[in-house]
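This report looks at one sheet and one side chain of a protein model. The sequence and coordinates follow, and the text then takes the two topics in turn.

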Amino acid sequence: MRIKQFLVLPNLPERIHRLRELAMNLWFSWNWDIVKLFIRIDSELWEKAYQNPVEMLAYIPQHKLEEVAQDEAFLATLDRVYGDFQDYLKDKRWFETEHPEHKDAKIAYFSCEYGIDTGLPIYSGGLGVLSGDHLKAASDLGVPLVAIGLLYRYGYFRQFLSADGWQQERYEENDWYHMPVVLEKDEHGNPIRFSVDFAGTPVYVHIWRVMVGITPLYLLDTNIPENPSKYREITSVLYSGDKDTRVKQEILLGIGGVRALEALGIKPAAYHMNEGHSMFLLIERMKNLVERDKLSLAEAAQVVWATSIFTTHTPVPAGNEQFDPKLVENYLRDYVEKIGLSWEKFLAIGRVFNNKEEPFNMTAAALKSSVFVNGVSKLHGKVSRKMWHNIWPSLPMEEVPITSITNGAHLRSWMSHDMVDLFDTYFGPKFTKQPSRFDEWESIAKIPDAELWRVHQRRRERLVFFARKRLRKQLERRGASALELKMADEVLDPRILTIGFARRFSSYKRAFLLFRDTERLRKMITNPDMPFQIIMAGKAHPLDNPGKEIIKSILQIAGQEDFRRRVVFLEDYDINVARYLVQGADVWLNNPRRPLEASGTSGMKAAINGAVNVSILDGWWCEGYSPEVGFKIGNGEEYDNAEHQDSLESQFLYDVLEREMIPLFYKRNSANFPYDWVKIVKNSMAMACRDFSSGRMVKDYAERFYAPAINAHHRYTADNFKIAKAMAQWKSFLTYNWEKIRVAEIETPPLETSPKVGDKIPVTLKVFLGEIPPNDVSIEVLAGNLNSLEQMDNYETVEALRTDGGDIRSDGHYVYKTEVVCRESGRFGIAARILPRHEELAHNRIPRLIRWW
């Protein structure tokens, strides 16, 4: 049966038609004034519509709309808010001021999920929320980002718990026509469409647009009638457990994402891969350069490498996406070989050791093909350098070219509107109108303690009432008795210390750590003089049975008499639940198994709202912690025995709570005010707002990666790719001759006595470069103290300079000299190496182009 389709829109009276424009831009997700407009119309419908203003407008009765259109006070507020929105869209931003030469450039940002707001459920957790905050900060700063993702028909699962606490999943279909997304159409009104080939079948793709402030997010959709049913399911569910579906999704995201940008007429200068899921975009970019710009594969690879940015988020090798080569071959072999790349060479890109038994690893491929690579905290950068060291086996681990940019949280999205109002009062228009430029966070100290504490107490009360309401709904769904429902209204106490814990329930996150010694916990939690309560939330992956067991065990403990009113688990963790938790908790608990937490941002979000962190020294807390801002569990130890680690660190946790944190919270001055606690709260807020905002994070990306990548794009593509061609030829020449070069000899003058600390030792190097000109290499000397394994723990690197004239010698032999300084007493060592040198190299740590003495 053929059906002619129409899209019927709400019949908004002319005077309030701007409501739809406000609803269609996710700017509302960090603007409380817009939200208040919709709550003012119908607060119950706002909640029923999952805080989605587009859906809400669709269901408001016409008579209600007519009433609102006659409400002069409402109209005045609407005009003011709409004026603020227009000002925001037109405002001159940071990037345009700092990088005016790049204001017309575009950076393509790829992520498999985006957590922007509750009413757009295309996210599962931390990675998606981080992506969403990245887009919001890019909008605030004016960084010219265009984002690519997938339009999941069912998104991620909704969680509900059985009577015995076992996690169940259900999937709810998203109605895109009642969400802030728009189908992209051409000048004739037809949907813009392109195709991606899957095993010989062309699969057609539509593009939907979401506006996040001034940042566009384009979402790809295969659920269209022209496609066979199995391919319509590609964009069905986020993080399907089926590997075949996963590889098709990632082909669509990478290859399809590049084609979507082309279909839209967008030509990015640089590409940022947020995790390895979109790695196939690198091959599509090479294909375009080979077929359209007539570059060789080597030339195309140079352009792609110089303009690609890759952020890795996973500190666990098994957590990085990888596929059976046969599965990848089924979809990509013909595609790859058509551009002249052999299948074995393609597989080698995604292998660490190039062992034929290895799977194809998306992270390894992205690492090898991107010049700008980072982890998401300083510790994670270090962990990543160790984890991927074998890609650069001849480099010292600390020199592996993976740096770090620590994650951040979007302040206006996560800070409670009560706290925003307080900041508006004391910080004024600079904070209100230009939050991305506000940097006076030390001024938090000037806010009166009593006012700040009063705001936080109000948010704790709201969290408790929210938790009671949500718990009651959970129990009603399970068919609970009237007595159980009455008890739900009595759980928690809005006056006492409240600990929040919410995250994905993976084993390494150790949600159970607080419950290892239930008797000790029971005594603490029921202490009549210093009681506390715990509110928890989180989902386990549908296939993660150990994670589900953790949830079940916590629910069983929470059901015991002494814990019933003090421990609450909230079902179906999402952005809305997260906001209530981070905005109302007094303490934010984070106890992952170090070093498996890449960054973690929930603690940042809690801190900007006045919560104090109690955490393992892992992820961001290694950088954020000081005794003035929060509490640590242990001292950053790492253990080989996980059971031993859990046993020790659970006791450390109890000790911190019992001896330090809880007594401090209940310590009152003569006016019954927690002066010392509020002092830590202020310090923590200033630290988090200053150092761990997504504004700071995106500025770091812009300065360190985006601007240099845009510059590289302009240079490499100018004059018919003149530099790209020269670089490919140069690298090919070096690679061909590299095995012939060597540091033949290291000479130091004979020493009559052992050198002393501070002495300088002259070093002469005899080097054979063969056909390679001296200007194409850098000769470096490394010097430092040796450990028991004859390795340099701490060393200095100095460049050696030629002393035999500037001519190129026909015999290829050269002499270089430098001097090294003895910095410490003990065994001292000297080593030397040859590295490539070229002014167009962003860095010279290139696999297989490092030669040691």
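How many bridges join strand β23 to strand β24, and do the strands run parallel or antiparallel? In this predicted model, strand β23, which covers residues 777-786, is joined by seven bridges to strand β24, which covers residues 792-799, and the two run antiparallel. β23 and β24 form a hairpin with five residues between them, and within that turn Glu790 has a positive phi of about 60°. Two residue pairs that stand opposite each other across these strands are listed below.

| Residue | Residue opposite, in β24 |
|---|---|
| Ala783 | Glu796 |
| Leu782 | Thr797 |

The hairpin belongs to an open sheet of four strands, whose order is β24-β23-β27-β28 and whose pairing is antiparallel. Because β24 and β28 (851-852) stand at the edges and have a single partner strand each, one side of each is left without a neighbour in the sheet. Strands of a sheet pair through backbone hydrogen bonds, either parallel or antiparallel.

The second topic is a residue in a helix. Ser384 is found in helix α16, which spans residues 378-387. Is Ser384 buried or exposed? Its relative accessibility is 0%, and Ser384 therefore counts as buried, the cut-off for that class being under 20%. When residues up to four places away in sequence are not counted, Ser384 touches Thr312 and Ile402.

Terms used:
Residues are numbered from 1 along each chain as its sequence is written. This is a predicted model: local features need pLDDT of at least 70, side-chain atom pairs count only at pLDDT 80 or more; totals for chains, interfaces and linings use all residues. Side-chain values use heavy atoms; hydrogens and water are left out. Two strands pair if DSSP finds at least two bridges between them. Buried means under 20% relative accessible area, exposed over 50%, partly exposed in between (1.4 Å probe, protein chains only). Contact means heavy atoms within 4.5 Å.
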